[in-house]
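Student: I am new to this structure. Please take me through one part of it, strand by strand.

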Amino acid sequence: MVASIAASNDVQRQYILSIFFVLFVAFALILLPEMGHARRTTTYTGPAGRTVQKSTGWSASPSGVHRSSTVAGPNGYSATGQTIVHRTGNGYSSNTTMYGPNGNSVNRSSTGTWDPVTNTWIKNTTTTGPAGNSYSTSRSTSFSQ
């Protein structure tokens, strides 16, 4: 019984995260073209008084959204990244590249597709690390009435 509740909670968590991502993409693809661009800078201060600052900017066009981020932390640590999301006929495609210290980078490509015949949302993701190692995930969520 406990295992089935835990499994149920994992499915619910994945479902909620999928819905959140779909809402984010909807916001990005529908509302941002009205605004054109946005920028947010946030500073976090830890218990020892060290700070991390994250600056994120978004720009939109009819074909998609571009997001760029820079994170600057203590001791000269910094990372940058960019995400490009494109609307497709029945979903989206996105590509994210993050650059860290020493020239290392990580790439994440993702697609989300809605199948109206089966009422299923399908998400495929491939992540490639700095050494060229990669892994892929595929998740589908079916909806019933």
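Tutor: Here is a close look at the middle of the sheet. Keep in mind that this is a predicted model. Start with the whole sheet. It is open, has eight strands, and follows the order 1-2-3-4-5-6-7-8 with antiparallel pairing. Strand 1 (37–45) and strand 8 (134–142) are the edges, and each pairs on one side only. From one strand to the next, the twist averages 10 degrees.

Now move inward. Strand 3 covers residues 64–72 and pairs with strand 4 in the antiparallel sense, over nine bridges. To find this pairing, look at V65: its bridge partner in strand 4 is V85.

Next, go from strand 4 to strand 5. Strand 4 spans residues 78–88, strand 5 spans residues 91–99, and they run antiparallel. Nine bridges join them. One pair to pick out is T80 with Y99, its bridge partner in strand 5. Two residues lie between strand 4 and strand 5, and the two strands form a hairpin.

Strand 5 then meets strand 6, residues 105–115. These strands also run antiparallel, joined by nine bridges. Find Y92, and opposite it in strand 6 stands G112. Strand 5 and strand 6 form a hairpin too, with five residues between them. In that turn sits N102, with a positive phi of about 60 degrees.

One last point helps when you view any of these strands. In a regular strand, side chains alternate between the two faces of the sheet.

How values were computed:
Residues numbered from 1 in each chain as written. Predicted model: local features only at pLDDT ≥ 70, side-chain atom pairs only at ≥ 80, totals over all residues. Heavy atoms only, no water. Pairing = 2+ DSSP bridges. Helix = DSSP H or I, 4+ residues; strand = E, 2+ residues; numbered from the N terminus. Axes fitted to C-alpha atoms, helices over the stretch in contact; angles between N-to-C directions.
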